[in-house]
Structure formats: structure tokens, C-alpha cells
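This report is meant for a reader who is meeting the structure for the first time. It goes from single chains to the places where chains meet, and then to a few residues and their surroundings.

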Amino acid sequence: MFLTFITFLPIIGAFLLAFFPKENEGAIKQTALAVAAADFLLSLYLWTNFDSSTHKMQFGLNIPWIESWGINYHIGLDGITLLLYVMTTFLTMICIIASWDVKKHIREYMMAMLALSTGMLGVFISLDLFMFYVFWEFQLVPMYIIVGVWGGPRRIYAAVKFFIYTAVGSLLMLVAIIWIYFHIKETTGVATADILFITDHLSSSVPLGTQKWLWAAFFLAFAIKVPMFPFHTWLPDAHVEAPTAGSVILAGVLLKMGTYGFLRFNLPFFPQASYEFVDIIAVLSIIGIVYGALVAMVQEDLKKLVAYSSVSHLGFVMLGIFALNEYGIQGALIQNINHGISTGALFLLVGVIYDRRHTRMIKEFGGLSKQMPVYAICFMIAALSSIGLPGMNGFIGEFLELLGTFQGIGFLYAACATSGVILAACYILWMFQRVMFLELSNPKNMNLKDINTRELITIVPLLILIFWIGLYPKPFMKTFDASVTHLVSKVSPDNFRPKQDHNEGGHHAALITKTELAKLSQKLQKTSHN
Amino acid sequence: MFEDSVPLAHYLTLSAVLFVIGIVGVLVRRNVIVVFMSIEIMLNAVNISLIAFDHYLNLSNGQIFSFMVMCVAAAEVSVGLAIIIALHRNKPTVNLDEFNLLKW
Amino acid sequence: MEPIHAPESIDLIALAPVLVLSVFAMGVLVLDLWAGKNKTLLMFVSLVGLLMTAISAFAKHPIPTFAFTDSYTVDHLSLFFICIFTLSSALTILLSYEYNEREGIKVGEYYSLILLCTVGMILLASSTDMIMIFLGVEIVSICLYVLAGIRRDNKASNEAALKYFLLGAFATGFLLYGMTLVYGSTGSTNLFKIAEFVKSDSAQSNPLLLMGIVLLVIGFGFKVAAAPFHMWAPDVYQGAPTPVTAFMAVGPKAAAFAAFFRVFSEAVPELAPSWEILLSTVAVLSMVVGNLGAIMQTNIKRMLAFSSISHAGYLLIAVISKSSLAGSSLLFYMLSYAFTTFGAFGIIILLGRKGEENLELENYSGLAYKHPLMALSMTVFLLSLGGMPPFAGFVAKFYIFSAAIEEGFLTLVIIAVLNSAISFYYYLKVVVFMYMKEPAGEFNISLTPMTLLVVIIGLIGTIELGIFPDTIISLTTH
Amino acid sequence: MLLKLTCLVPLFPLLGSIINGFFGLRIGKNAVGIIACGSMALSFLTSILVFVGFLMLPEGQHVFEQVAWTWFGAGDFSVDFGFQIDPLTLIMMFVVSGVGFIIHVYAIGYMHEEYSFYRFFAYFNLFASAMLVLVMGNNFLIMFIGWEGVGCCSYFLIGYYFEKKSACDAGTKAFVVNRIGDFAFLLAVMYIFNVFGTIDFTEVMHAAPEKLVYAGEAVTLITFFLFIGATGKSAQIPLYTWLPDAMEGPTPVSALIHAATMVTAGVYMIVRCSALFNLAPMTMMIVAGTGAATAIMAATIGMTQFDIKRVLAYSTVSQIGYMIMACGVGAYTAAIFHLVTHAFFKACLFLGSGSVIHGIHGEQDMRKMGGLKNYMPVTYWTFLVSTLAIAGIPPLSGFFSKDEVLYHALMDGNIIFWGMGIGAALLTAFYMFRLVFMTFHGESRVDPSVHPHESPKVMTMPLVILAGLATVGGILGIPLFHGWHILHNWLEPVLHFDLANALQHSEHMLHEAGKHAPSWAHLLNPKEHNLWLEVFLMAFSACVAVTGIVAAYIFYIKRPDLPEKFTKGQWGFELVQNKYGVDEIYDEAFVKPTVQASHLLWKEVDAKAIDGTVIGTAKTIGWFSKHAQAFQSGFVRNYALFIAVGFISLLLIMF
């Protein structure tokens, strides 16, 4: 019940806000913030009571919902979702503070924000496919409104594109969900859409060919959401046009739903199909990493740059997930959080200058660090975190993902992906140089005020998290340790590879040793003959 | 009687031909009234088949049906004419092509 | 020849809803003579009549019962449909009251016609004999011809009536011809007997029968406004008075679907391999044409007309899948569609002005900031129409798709979901106007209580069916 | 236990950096200077204490590890946030904190006019901290924190004058080029984990002989990638181009980061991983070759430059080439020896040049200097001493370290490396004295409006100290007997323990296969030390150095017209002066194509192809929608026609 309460608290808050008089902006904002903050604190309480030693669902609740179809209101948190859940409440709170100065329709804005929060939280806790789908689609609406109403000049185009593009993918997933529902009903005799039940029973009874189709249906929904190359083109538009808080939520949480979907559905439902598709995913991810970085490099709009960098970063995450081993998946999970934090911080920071100058064009700026030193430092930290400087959060995730890729997919893939590290430095630093360094030449920038207290309040927590996760990630990573171990035991490629391949276990150096020893001895033989 | 002299196929063919004539009439004529009459031809074509079927199957449903059809046709005529009259008050024409306020 | 019996009382009880409603319809007509200019009384009498009808529908036990030598049936399907019909007619009447005041429609027959039309609908949904079905179709149609043109001084209304009438009669010809051929080739007009006859192999390749099926598809397809027999719908929906449009989009359409479903799944299920392909074509065409047509519309009534064409496509999927789930999914879909559509039209009426103005999408600009609740309700209705959770439309679509997938119509469902993606575009377009554009002019909305009531009922129904659909679903699955 | 203080060593500068960074503007320049230098001094003192503690370790224990916490991990992968103290680390710690302290003091004077004084010291302290982490980390990833950290600080400090475009460009370039190295380093670390299941230095080095096979694919790749990492950080071919540009930073930065410490990180890393490199003869060959080539190429460029700091920068590249070459031939001790002495004299040289620049108000072009020795005697003398040291004139420190590198190049490597080394030595002597002569001797070419002056005490004192160190630094490595010396003995536990183990293990394996000892066994027992040969080589290289000096004297004092004559119109000279056009080649080969490709990807692929497909789909639907409307003509006939057509089509479908 507690989990339900936390999940629905924001939307209840949204309802309350509807009855506030429009003119009373102060009260509206304060109430919204109070709701979001309360929600965040309550979710922290969940975290403290979370038992990280088990992969089982916790704080669960399973009551009938649509009995005639066997659909239940089944919720729960496990290690994979806990952090995402907390991050959602956290970012909602941050975003509400960041939106303090929204000019028009503040009440509707806050309502949309809170409704969005519930939608996102619902996605993460749903343990019933039907329910999952309901939340999955539902959260599109408030986001659509947020982009469309409070966005930039092309906001309507971006909002509609966002909505329809993501809807197309998820509708096919709906077809797959229904198919699975009937398949389960047929094979086990139980009419249920329970995710845990399906996880246990689906893969054994579906032939590989069908698995692949179902996998593809789910893949499309999640790949668009992530977004993976080449399904990413809605993202730059949505990011650019969305208001600051919208971008933060979009990058921080919405994209994570895609990766979450892969972890919750594609992998455990169709382990074998996932294994078969590893190469394709890996290639797409690597293209995404390199391509996103290259395109980001030449962007003229700050937000667009950050948006394309998201494409690149999420490529890493996908690679980590499909490494199908603990390194990769743990890396992907922590990178989910990291990306939310650093990209969120970057968007907030871009928002800060956008509020002052009403432009995000890189060429409009330059030399800002002279005028706004504190801002420059914050920006620098976020930027460095984004390029994965060790000691900051980004590095940990990236390294684990790459390590996982190395171990799980192959050296060449890892090498190609790692090149993204170089490109990240290129685009971020070049952007930083053009915005923050050089002569303060544009007269419009001469009188810019440095970052103010409210803005600092939104950004400093993120910066603290950047270092915290970067230096001592254990409190975060231990939450999903058990869940990932459990997941990996289910999806590990070792379950599908022909047996003789993995007789040596972990590190394949031993194999090299033997063959090379033979070569070496041959060589020595020759020389001794001579 | 005529059982053997006129096979069912003839009736059906007649009916079909009449029906098609009705269709073509609806498609090609511009005059509301004529179009309406074409529709009546279609209905009556159907009646022919109904009776013919009844006759050959030795059943009575079809005859009942055809009575119903006639009744309905009469009702339709009254409503239809009323509509046409109402229309004519607003727009004194019977050319069907002039009624295309609503389109696209 | 069997001796002719007087109808047994049990048959009359089965027919109770029809009788009750007919009596009330006549009563209203008569009452009109004394009512004068104020039609409030008529409205209440009509509503009472509908209520009585709904109650009397449940008078009959056990279920199912067959009356009048199997030509009239009381079963769960018909009972449920009767509920939908009375609901939709009641909502129409509620919608009409203030609309008629505003538009100056001062005829007492209006209510009587709606009630009579409902009688036809009940007949359609309950009949198991083609003659009865034909009668039902005609009763409904003739009432609707009149209702569409009830604004006699309005050119659009006239034109709508004319078009509807001519094309309706034209399509009746096809329907009739189809029935005739089916009768001729099977020797019966009774659906059950036809079904028995069709079970034999020889009947299944009878070209007359197959031709009859094709013609039936056309006839019913016209009534449910399925492509390519849909062309009348946008024009008529646009021209007819708004409450009538809402009525047409729900009640008669539901009735036609009931008959459609009965004929195809009860009379000729054995021929499914033949007509599945026909209906699939029609379904796909309807979805595509409806959605494509709606995209470019700027008039909201016309847009909803096209949208209703695409909904006919979705509903046809239920007819095609003819599984145990199909009937109940049809019911659920119709019910949720009724709530949603009436809600949406209610808002359209609230926003409208005398002389059917304010129907362009631009007129909705910035509504959200003048009348937030109204805009929000409209958004809910539109999203529900698009099939967005957690609203009724989603559960309904889910239901239909489930029925189809269970029967293996995967391709059809995929086409359907892609179409719903397209449909989001135009539903969202309205949202775009309401939320994302600045107000173009003033709204002067008089929040008339009856219309508002309809909107609220629609809203409650849409949300209730979306979030807690279980009760209704379990009702439909009987 | 004094060793417990280990973690304080990098912590002090970090604290200093944080304090200065947050409060620097408020507490005033003096306080900033005191905090910055104080933290470095504390760090240095703690290093001494740690050193004492290390000496007190029981016999036979050569490593002390201190784990602060488990950093992160997944599955069986786990990284500790830990430091390790061993002889090699201690040397580096002294160099970093000691030389760092001196340069900090100098910087107080040098940077005193700057508005963002505090910012400079925040970065500077942060750098020192990162560098200490780099040398003290007990595994590859902690080293990588430092590795990237120093790169990052270097970026800030190069771009310290961020309003200058060239400075920003140089900073970005440095970071990006370093990143290329880091990319390889990361790959190596992953590979190491793949092979060893751990990335702890001690464990990896210990297990190397067992897990790896001599000259095998794994070890070759690992060391190769590590080496690429080193080339990035240590400015070797092909990634050296950032270092000369890095001279855009303030001079103390050049002295500390781009001469004494950060750029030698690559050398340190190779030495640290000597156990791996020893197993990879092919990589060793590449390492030595790259080092030698870099040494000589950078030296040639150094001869032609006129910017005083650029000359020194190329000299740095060249000297690190020496160290790398030493590593490549297995003479790790020599490499470290040269690293230490180089830190002294090169820091002194840079600071001296800084003093000169300071003295003539920011002028860096040597053609506008000359005759400065009278104006700034302290600078001149210290500079001269360091120059003699770098040129290799006995008995200054540079002579011994360079000589040892050359000796090993000949003995353990081959004569080509030695020849290249000697050539580079000759060039070094020449261009360094060219620098001295052009700057301090001859006619003054200084702008008459500028009045050269000696720098304040706070700047000259560090010069004196460093010059002193440059003079006596050779003590560390003066041969005692049979080629072994203090440094050698000191480092032996780090370098040779594993080698012995490796040999034993390999012998065992090969013995089973019935084979002989591997060819690298000689490393364990160096060739019989030939005292006379060494003395001869010493004399020879001293002569070479003198030759270089004399040549410079002739060219720039005696006959100042000669250089003009020799170089004018020579395409060869121009090529060298343009740094062989490498920057331009890189620009054309990598930078521009990448940017162009990115534009192409964005405008054509992303906007047109990918998004075009998406929008195209939408537009197609829209097109259909628009044209489908035409059917809705409003004519009843047409509608009826559609019903009829539908009828016929359905019939066709049915039958």
C-alpha cells in the first residue's frame, strides 16, 4: 500500500492543484513542491527499508484488478527499479524548483509535471503487463502537453512527433503483449499478464522463431524510447523544444524507461532471442555511440548538442545491457542514473542561460566564464561528468559497460565503443570552449547575472551526486547487485552456447597460453636446429 | 400452371437486370425524383426474386417479405418526398448536382 | 400449413421493451398536441419511457428466450444492446433539449422520432429473422432521415437528409437483394435455420448464397458507415443537428453492428472463410480511409465522422473474429464508444453557438486556459477515442484486439494498431488547438445543465470503464 | 605507523585546491599563496614521513598498500580505492611534491599580477593532487583517476588565459590528444582484467609470468595499448603535438606539468608495468624505436624554433623520448634516473625562461632578446647550469643519467638506438646553447621601451634550488661498482622481482616442453659490465656535448650571420621549422575529415535520410489524406458510384 501511495501521491496533488485559484501562483508552486518533496522523501524511506540482498520484489501488492481477464494490480520494486524510482521522484522535485519562473499557466504546468511523475513511477513498479502498458502510454500525455505548451517555437511539431513516434512503437508492443497473454493462457491454463509469472513460463514454451518476432515488437517500443540509432530523431526535436524541466525529465527518466524495458522484458522473456540479437544490438549501439558523438560535435544549438550526446550515452547503456553479463548490466544500471544526473544537470545549466538570453545558439555566447564564474564551474563539472572523467559518476558506468562488452561481446566491439570516449571529449570540450572561454565579445552577454540561489539549489544536489557516485558508488550499486546476479543467471549466453565453448570458464587467457606455448616451442625448436 | 414453362433462372435474370437498371439510373441521372424512382425499381426487382423464390421453393416467407418491402417502400416514399419538398423550399431545384454544400 | 396461433403471452413479454417504447413514442406524439411551445414535459416523458424500456427488458426470464417462432430473441447480447440503446437515446434527448432551444427546433415529433428509432434499434438487435431485421433497419433509417433534416430551414440539414435518404434507400436495395438471395439459396429467412442449412457442404459453394453474402456486407456496411460505403457519413454527420449526429454515431451504428454480428456469426459462420476476406478488406479500408480522411479536416464534427468510420473498422475486427470474446468485446467497445462520443459531442454543443457555429478547430484555440475543465474533459474523450490508457477507449481496443489475436488475426490487428497511431495525430490536433494555441476569440459558453450532465456522465463512464472495467467486462462475457 | 599517513599525501593539495577554489577570491592573494604552497609543503613533509616509515618496514617487504574503500565493482570485478607505497612510488612522490612545492613558490611571484590568482592555484594544487594519485594508486583504475585528472588539470591550466583563442585551442587539443591515449589505456586495463581477473598492480605483476606467455598475443596487445596510452601522456610520436602548443599556459604550468611531472607519467607507467613489458619483445622494440625517433625528431625541431618556451617544449619531448627509449631497451632504472634529473633541470630551465619572460614583459621570441645576462644574473647562472646539465656536461646530473640511457641502449638494445641517442644528444647541446646564446649573450635586441629586470626573490630562490638539484642530482646514479648504483638498488625490488619469477616460471614450462630458457633471460643477469667501455662511452658523449656547444658558439656568437646563410631558402629547414608539418597533416587527415563527416552525418544522414524517412512517412500519409479527400466530392452520384464499385470489387474478391 505504501508504494501505491507514493506512486499516486503526485497525481493526487495534481488534482488538488486543479482547485487552486489560478491567480494564487505562490500557493500553487509551493504546494506542487511540497508534494514532490514529500514524494521524494517517502521514496527515500523506501530505499532505506529496501533489502538489497535479494532479487525478490519488495513492497509488493497484488490485488485483482480486472478479474475476468486475470489482470491484477501487481506492483513491487526490485533492485533494477529502486534507483530509477527514487531518481524519478528526485528529478521531479528538482524540476519543479527549476520551473519556478515559468511564466504562463503555472497551475497547469505543475499539474502536468505531477501527473507525469505518477505515470513514470507507475511504469517502474508495474508487475503486470497490462498495467505496465497503461502507465507506459499514459505518461506520454503529460509530457506531450509539457513540450507542446511550454516549449520553444517548434514545440507543436516536436510534441506531436514525440507522441506519435513513441506511440507507434509501443502499439506493436501491445500486440505482442496480447499474443503473450493468450499464449500463456494456452500453455499454462492460467489467464494472467503477470510479469513474474510470464518470465518464468514464457521462454520455455515459445519456439525461437516466434521469440524473435516478439522480441522485435518489444524491441521497437523500447528502442524508440531509448532511443537507439536509427530511431532517435524524435529526441533532438523534443529536447530542443521542451522547456528546461521537460528536457531534464525526458533525459533523466523517460529515456530510462527504454533501457528498463529491455532489462525487464526483452532479456528475461526472451533470453535466447536476446542472445541471437546481440550482434545487431551491439552494432547499432556502437553506431549510436559514434554517430551521436559526431553529430553532437557540429551542433549549433546547445540543447541539441546535449540531446545527441544522449544518443551516444544511451548507446553505451544498450551495449552494457546486451553484454549479458554482470559487469555490463550493472554498468548499464548505474549509467542510467548517471546519465540522468549529468545530462539533467547539463540541461538545467543550459536552461539557466536560456532564461537570461532566450537563445541557445552556441555562437551567441563565448567568454561566459568571466561573467558567470560559478556557473562556469558548475557547467564544467557537469560536462566533465558527461565525458566520463574518472572520479566522477560517468566513468564508473562507462567502464563497467565497456568491460562487460569486452567480456561478453568481443574485443573489437569494446574497442569501437571506447572510441566514443575520445569523441565525447571532442564535442563537450569544443562546446565548452566556445561558450565559456574566449573573449566576451557579444555585448548582449556583458551584463549577464551569475547563477542565482534557486538555480544553485537545483544544480548543487546533482553536482554532489556526481562526485558521490563517482567516488563511492557502493550505496547505489549494492541495491541492484542481487537482482542483476539473478537476471544474469537467467540470460547469460552460457545457457545457450554450445557446451564445449566455455569449459575453461572466465578468463580466456588460459586458452591462449596453450596455443601460444605450442607456437613458441615450435619457434624455439627451429632456432635450436639452426 | 407455369412451373415448367418459365425456369427460375429467368425470373432471377429479370430481377438482376432490373436491379442493375436501377443502379445505373441512380448513377447517371441528375433529377432527384428520377433517382428516387430508380431506387424504387431496385426494390421492386428484389420483390420479383422474392416471389419467384417462394414459388419455386414452395414457401411463403418471401411473399410476406415482399409485402413488407412494399410497405417500407411506401413509407420511404412519403418521407423521401417530404424531404425533397422541404429542400425545394430552400433551394428551388431538383438537380441533384446542386446539392453539394457538404463535401471534402 | 400450420394453424395460425395468436401470439402467446410469453412472446409479448419478450417483446415488452418494444411495446413499452412504442407506446411511449405514440404518447409523446399525442402529448405534443397539448404541450405547446414548451417541450420540457415531452423530454421527461421520453426519458421515463426509455427508463421503463430498459427495466422491461429485464422482465424476461430465463435467458435466452426465443419468441415468435424464433424470429425474436432475448439473450444477453440483445439485453446489453438494449441498455446501450436506451442509454444513448437518453443521452441524445438530454443533449437535444437545450440545443433545440438554441437552434429553434420546436417540434414535438423530435422526441417521438428518437424513441421510434430506438424501437427499430431494439428490433435490429433482437431479431433473428431477416424480415424482422429488414424492418428494424428501415424503422431506424426512416427515423434518421427525418431527424437529419429536422432543421427544415437549414440548407446543410436538408442536404444531409437528402443524401442520407437517397443513399440509404439505395443501400437498402442491396441489403434487400442480399437477403433475398440468401433466402432463395437457403430456403429460410430465419437465422438459425439458415445456419443449419449452411452446415451442409453443398450450400457453401452456392454462388447465389455467396453473392447474397456480398450484398449483405454492402447493406450492413453502409449502415455502419464502413468504407467504401461510408461516403454519406461525413456529409450527414456534418449537416445533421449535433445531437442527432452523436445519436447516429452511437445508437443506430450499434444496432447495425448487432445485426451485422448476428447475421454473420449466427447465420453463416460456416462460410467464414469466404466472408472473412471481405470483411477484412472492408475493415482495413475503413480504418485507413477514416483516419486519412480525418487528418485534413478542420470541422470537428466532420473529423469525428471520419473517426467514427475508422471505429467501424475496428469494430468489424470484432465481427470477423467471431470468438466468444468477439461479442463481448463488441459490446464493451460500443458502450465505451457511447460514453466517449456523447461526452465529446456534449462539449461540442456547449461550445457551439446559434446556427451551428464554432465548429472549426480554430474555435477551440486556447480553450484550456479559459475553461480548463472543459478542455481537460475534451482531451479525455479524444484520448479515449484514440485508445490511450487509462480511458475506456483503450480497454475497448485492447478487448477487440484480444478477441482478434485469440483467433489468429494478427495482421489485421497490426494494421489496426498502426492506424490508431495515425489517429492520434488528428485527435491530438484538437488538443494542440486547445492547449498550445493562443485564444483566437472570445468563448461565450452557457453552461447549460442538461448538456453538462451528459458531459459529466460521459466523463465518468469513460474513466470508470477505463480504470475499473471489470464489472462491465464480466457482464459482457455472459 | 608513519605509513598510515600515505593517504594524506594527495589529500593536502586536494584540500588546498578546494579551499582556494571556494574561498580564494575572499581570502586574498597572500592567503591563497600560503595555502597552496603550504599544502604542497605538507604533502612533501608527509612524503618524507612515509619514506621513513617505508624504511622501517621489515626486511623483504617492499610494498605497502593502503585501501581506503572499495571503489566499485560488479560480479567478480572489484576496484579498491587504495594507494601503494613502493620504491618507485616514493621516488615519484618526492619529485612531484618536492619539485611541485618549489614551483608553487615560484608561481606566487610569477602570477602575482593575475586577477584570478586563486583560480590558478586551485587548479595547480588539484593537479598536484591528481599527479600524486597517479603515482600512488595501487591499481590501474586509481592510476587512471590520476591519469585523467592530470590531463584535465592540464587542460584548465593551458587554457588559463581563456580569453586567448590559441590558449583554448591548445587546451582542448591537449585534452583530446590525451584522450586518445586514455582510450588505449582503458582498453589495456580491460584486457588485463580479462586475462588476470584483477587490476591490482601487485597481483597483476606477480601473476604476469604465469598467466601470460612470452611474446604472446595477449601480452603484446596489452603492452601495446598501454604504450599508446603512454605516448599520449608523455608526448611521443605520434601523439606529441599537443605539448608544444601547451606552452600557451603560464610558465609555472609548463615547468611543473609539461616538463617535470605529468608528461613523465607515461614513463612511470611503463616502468610500473615492466613485468608486462618484459614479456613483450615486440612492444619493447616499438617502445624503444618510438622513443629514439621522438628524441631525434623533437631535437631537430627544437633547433629551428624561436619561441623560447617552444624550444624548451621540444627539448622536453626529446628528453622524454630518451626515457622511453630507455624503457624500450629494458633500462628502467636509467629511465627513472633520467626522469628525476630531467625534472630538476627542465623545471629550472622553464622557470628560468619564465623569469626571462617576466623580466621583459611577456616577450617570448628569442629574436627579441639577447644580452640579458647582465640584467638578470641569477636567472642567467641558474639557467646556464641547467643547460649544461641537459647538454650532458660532466659532472652535472644530466650527464650521468643520459649516459646511462645511452650505455643501456648500446648494451641491451642495438647500435641504432645508441646512434640516434648520440645524435639527439649532439642536437640537444646545440639547440640549448643556441637558446642560451640568443637569450643572454650578444647584442640586446630587446624592444628599447622595455627595461629588463631581475625577478623578485620568490622567483629566483626556486631557480637556485633547482639549479642546485640539477647539479648534484647525478649522485643518485653515479656508478658505484659494476654498474649498480643507489637508484638501481633502490628500485630493484620493483623491477626485478617479477622478472626472476617470470624466468623461473617460463623455464619450468619450457622445461616441460624440453626447451631452453627464453631469449630475454639476459635481463636478469646483465651482460658482464665493461668498465672501460663505459668510461669510453662517457668520454665520447661528453665530447659530443662539447661539440654541440662549440657549434652553437660558432653559429650564434662568433658568426651570427651563419644561421641565416645556412637556412635561407632551404626547404629542409623550412620543413623542420614548420615541425615537419605534422600538425597540418593531422589537421587534414583527421580533424577536418571528422568535422566534415560530422556535418555530412548531421545534414545529410540524420536530417535527410533518417529523419527524412520519419517525416517522409508522415508526409506520405498526409499526401494520401489530402488526395483521398477528392473522392468526397459532395455529389450523391459519386457516393453511389463508390457503393457500386465497392460491390463489384467485393464480388471480384469473393469469386
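## A helix and one of its residues

Helices, as the word is used here, are DSSP runs of H or I with at least four residues, and they are numbered from the N terminus. In this sense Glu455(A) belongs to helix α20 of chain A, which covers residues 453-471. The model is a predicted one, and what follows should be read with that in mind.

Glu455(A) has a relative accessible area of 5% and is therefore buried, since the cut-off for that word is under 20%. When residues up to four places away in sequence are set aside, Glu455(A) touches Val352(A), Asp355(A) and Arg356(A).

## Chain B

Chain B contains three helices and zero strands, and from the N terminus its elements follow the order α-α-α. Its radius of gyration is 17 Å, well over the 13 Å that the globule rule gives for 104 residues, so chain B is more spread out than a compact globule. Along the principal axes, the C-alpha atoms of chain B fill a box of roughly 55 × 25 × 25 Å.

Of the 104 residues in chain B, 41% count as buried, and the chain exposes about 5400 Å², of which carbon and sulfur atoms supply 69%. Among the contacts in chain B with a separation of 6 or more, 57% join residues that are 24 or more positions apart. The chain carries 5 positive and 7 negative side chains, and the centres of these two sets lie 24 Å apart.

## Chain D

Chain D has 25 helices and two strands, and its C-alpha atoms fill a box of roughly 115 × 80 × 55 Å along the principal axes. It has 655 residues, of which 61% count as buried, while about 23300 Å² of the chain is exposed, with carbon and sulfur atoms supplying 69% of that area. Residues 24 or more positions apart account for 80% of the contacts in chain D with a separation of 6 or more. There are 34 positive and 42 negative side chains in chain D, and the centres of the two sets are 11 Å apart.

Helix α10 of chain D, residues 251-260, is mostly covered, and ten of its ten residues are buried. The buried residues of α10(D) include Thr251(D), Pro252(D), His258(D) and Ala260(D). Which elements cover the buried residues of α10(D)? The cover includes α3 (87-110), α4 (117-136), α5 (140-158), α9 (242-245), α14 (308-328) and α15 (332-359) of chain D.

## How the chains meet

Five pairs of chains touch, and among them the pair of chains A and D has the most contacts. Chain A and chain B, on the other hand, do not touch, and their nearest C-alpha atoms are 25 Å apart.

Tyr327(A), which lies in helix α15 of chain A (residues 326-357), has contacts in both chain A and chain D. Leaving aside neighbours within four places in sequence, Tyr327(A) is in contact with Leu400(A), Glu401(A), Leu403(A), Gly404(A) and Gln407(A), and also with Ala74(D), Asp76(D), Phe77(D) and Phe193(D). At 8% relative accessibility, Tyr327(A) counts as buried. The C-alpha atoms of Tyr327(A) and Ile396(A) are separated by 11 Å, although the two residues are 69 residues apart along the chain.

## Aromatic pairs

A search of the whole structure finds 118 aromatic pairs over all chains. In one of them, the rings of Trp69(A) and Tyr399(C) have centres 4.7 Å apart and planes at 70 degrees, so the pair is edge-to-face. This pair crosses between chains: Trp69(A) is in the loop between β1 (58-66) and β2 (71-77) of chain A, and Tyr399(C) is in helix α18 (residues 392-406) of chain C. Trp69(A) counts as buried at 7% relative accessibility, and Tyr399(C) counts as buried at 0%.

Another pair is formed by Tyr426(C) and Tyr427(C), whose rings have their centres 4.6 Å apart and their planes at 50 degrees, so the pair is tilted. Both Tyr426(C) and Tyr427(C) are buried.

Terms used: Residues numbered from 1 in each chain as written. Chains lettered and ligands numbered in written order. Heavy atoms only, no water. Rg over C-alpha atoms; globule rule 2.2 N^0.38 Å. Buried < 20%, exposed > 50% of the residue type's maximum accessible area, 1.4 Å probe, protein only. Contact = heavy atoms within 4.5 Å. Areas by Shrake-Rupley, 256 points an atom, 1.4 Å probe, with all protein chains shown as cover. Lys, Arg positive; Asp, Glu negative; His and termini not counted. Charge placed at Lys NZ, Arg CZ, Asp CG, Glu CD. Phe/Tyr/Trp six-rings, centres within 6.5 Å; stacked < 30°, edge-to-face > 60°.
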